[in-house]
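I opened this notebook page to keep track of what I looked up in one protein chain. The entries follow the order in which I went through it.

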Amino acid sequence: MAVHTHAEVAENPLIEGLERLPVPPTALVIFGATGDLAHRKLLPALYNLAHEGALPERFKLVAVARREKADQDFRGECADSIREHSRREPDDKVLDGLLDQVQYIPFQFDDADGYERLAEALDALDEEAGQPLHRDYYLSTAPEFFPIIVERLKAAGLNRDDKAEVRCVIEKPFGVDLGSARELQGVVSGAFRERQVFRIDHYLGKETVQNVMAFRFANMMFEPIWNRNYIDQIQITASEDLGIGSRAGYYDQAGALRDLVQNHMLQLVALSCMEPPASFEANKVRDEKVKVLSAIRPPDPTDTVRAQYTAGTAGGEDVPGYLEEDGVPDDSHTETYAALKLEVHNWRWEGVPIFLRTGKRLARKVTEIAVQFNPVPHLAFQSQGSVGTQPNQLVLTVQPNEGVSLSLGAKIPGSRMRIRPVNMEFLYGSAFMSQSPEAYERLILDAMRGDATLFTRNDEVDAQWTIIEPVLEAWHRQDGDGAVPSYAAGTAGPAQADELLGGGREWRKL
């Protein structure tokens with residue numbers, strides 16, 4: 001792809017942190033290439049990989065979608081999307097070099113003839129390259145097309161290649177409940193071996209999420225106290241200040257529990273609570289995550305809270321309630337806020353509550369893991385004007401400002417012994433003098449390399465749905481009991497969520 005001089009490379013601080021791991025020659029096929037995800041995330045990610053020289057020298061992008069259009073028209077749309085959504089200002093030379101590799105093939109996803117044309121196109125790319133290209137199929141479509149595409153790929157013989165690796169990358173959601181997830185897995189496993197399947201959870205591509213393992217297992221000061229003897233509670237928050245926008249059709253069928261808790265947030269729980277793997281090889285890491293998820297029992301309905309936002313003020317503007325949003329039924333019981341209390345029933349974590357909360361139209365946008373340690377056993381510092389000793393907290397912020405902070409008790413300057421909390425902070429932007437790569441950049445690169453460490457395995461998905469499905473069923477049974485609890489837009493959520501904590505605990509302020 002792009003060629004850089006030594007001086008250009010030296011001037012780019014991000015290059016220093018980007019591992020130059022080999023990526024084999026690859027043909028990446030994106031199904032649903034005209035969709036929102038492809039244009040907002042996948043194409044900008046590919047551009048930034050090209051900018052860094054991280055794509056293989058022999059790289060081809062094949063776009064598949066249902067709309068008829070010429071190659072050149074699609075390339076123009078790609079250029080517009082990359083200019084709008086890339087984390088850096090595109091370089092025209094790099095952009096042209098990437099788009100020259102793009103081929104657009106329109107067909108309906110159930111059209112057998114379309115897959116024959118795709119097979120011919122991939123064979124022609126192999127011939128052009130003078131060698132077999134690995135084939136990665138990225139399913140960036142509506143979930144109802146996943147089984148159709150997988151079955152058609154198998155029928156066309158595109159699920160195997162004797163001379164190259166073939167992989168299938170599947171976006172979330174993987175099923176809408178336990179039964180549908182298992183049904184989809186039956187279709188997928190009928191066409192691809194597990195080592196060929198890469199289930200995307202883009203949170204796992206975020207640097208701070210990966211840093212959970214680094215902070216735990218690379219620092220001796222944390223791991224000895226990372227257990228029930230020293231930790232009082234863990235709070236995991238994924239709050240958004242925006243509403244549902246134009247996603248009513250999807251969101252009203254999904255809700256907060258399916259949209260964020262079942263996948264992203266349970267993955268954060270698994271990474272926070274897993275045992276150290278013998279090595280950071282994909283299956284060893286995922287083995288440990290499955291053990292954690294299997295040790296979590298579905299919460300009692302009394303340990304869950306759901307709610308919908310009503311009209312309020314967000315960002316200084318008056319905003320409508322969920323039921324007033326375009327496309328939302330007047331009698332919808334879909335939750336825009338969900339909070340749960342979980343426990344991991346094993347030796348390390350028995351008795352430590354893990355609180356999850358997520359919601360739309362909350363006070364601010366933040367995703368974080370907050371680990372609160374036990375208070376000191378004797379409160380000696382009670383001088384007037386002293387805040388006193390507060391339990392230490394380790395907070396890993398996933399977004400918007402990626403970093404880690406540790407709260408400590410420190411003496412206030414003066415003649416008296418007065419204590420207040422202070423923060424020690426590590427921020428990615430200042431520590432490494434560079435932006436963190438976008439999650440999709442790392443995940444696309446790993447998929448092309450065949451490294452599944454940051455992708456969810458089938459038994460992980462199964463364990464996650466096993467935890468969440470009883471909650472969905474309990475909430476569904478409550479639908480006839482009246483309106484769902486509510487909270488005003490722009491606030492921290494419903495009052496019922498405060499009662500969930502108990503024991504004098506409080507949610508971290510948003």
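**Burial and overall form.** I began with burial in this predicted model, and found that buried residues make up 53% of the 510 residues in the protein chain. I then went through the secondary structure, which comes to 15 helices and 17 strands. The radius of gyration is 24 Å, close to the 24 Å that the globule rule gives for 510 residues, so the chain is as compact as a globular protein of that length. For the extent of the C-alpha trace I noted about 80 × 60 × 45 Å along the principal axes. Looking at contacts between residues at least 6 apart in sequence, I found that 78% of them join residues at least 24 apart.

**Surface and charge.** I looked up the exposed area of the protein chain, which is about 22,900 Å², with carbon and sulfur atoms supplying 49% of it. I also noted 54 positive and 78 negative side chains, and the centres of these two sets lie 6 Å apart.

**Helix α13.** I turned next to helix α13 (residues 439-449), where 9 of the 11 residues are buried, so this helix is largely enclosed by the rest of the structure. The buried residues include Tyr440, Glu441, Asp446 and Met448. Which elements cover them? I listed β1 (26-31), α3 (36-51), β2 (59-65), β4, β5 (166-170) and β6 (197-199) as part of that cover. After α13 comes Gly450, with a positive phi near 80 degrees.

**Two buried residues.** I checked Leu95, which lies in helix α5 (residues 92-99) and is buried, with a relative accessible area of 1%. Leaving aside neighbours within four places in sequence, Leu95 is in contact with Tyr47, Ala79, Ile82, Arg83 and Pro90. I also noted that the C-alpha atoms of Leu95 and Leu46 are separated by 9.9 Å, although these residues are 49 places apart along the chain. Ser140 sits in the loop between β4 (134-139) and α7 (146-155), and this residue too is buried, with a relative accessible area of 10%. Beyond neighbours within four places in sequence, the contacts of Ser140 include Ile30, Phe31, Gly32 and Glu171.

**Aromatic rings.** I counted 15 aromatic pairs. In one of them the rings of Phe215 and Phe222 have their centres 6.2 Å apart and their planes at 40 degrees, so I entered the pair as tilted; both Phe215 and Phe222 are buried. Elsewhere in my list, ring pairs link Phe31, Phe107, Phe109, Tyr115, Tyr137 and Phe145 into a cluster.

**Backbone geometry.** I looked for exceptions here because most residues other than glycine have a negative phi, and most peptide bonds are trans. The peptide bond from Lys172 to Pro173 is cis, with omega near 0 degrees, and Pro173 is placed in the loop between β5 and α8 (178-191). A cis peptide bond also runs from Gln399 to Pro400, with omega near 5 degrees, where Pro400 belongs to the loop between β14 (393-399) and β15 (403-411). My last entry is Arg361, which has a positive phi of about 55 degrees although it is not a glycine. Arg361 is found in the loop between β12 (354-359) and β13 (366-373), and I recorded this residue as buried, with a relative accessible area of 13%.

Note on methods:
Residues numbered from 1 in each chain as written. Predicted model: local features only at pLDDT ≥ 70, side-chain atom pairs only at ≥ 80, totals over all residues. Heavy atoms only, no water. Helix = DSSP H or I, 4+ residues; strand = E, 2+ residues; numbered from the N terminus. Rg over C-alpha atoms; globule rule 2.2 N^0.38 Å. Buried < 20%, exposed > 50% of the residue type's maximum accessible area, 1.4 Å probe, protein only. Contact = heavy atoms within 4.5 Å. Areas by Shrake-Rupley, 256 points an atom, 1.4 Å probe, with all protein chains shown as cover. Lys, Arg positive; Asp, Glu negative; His and termini not counted. Charge placed at Lys NZ, Arg CZ, Asp CG, Glu CD. Phe/Tyr/Trp six-rings, centres within 6.5 Å; stacked < 30°, edge-to-face > 60°.
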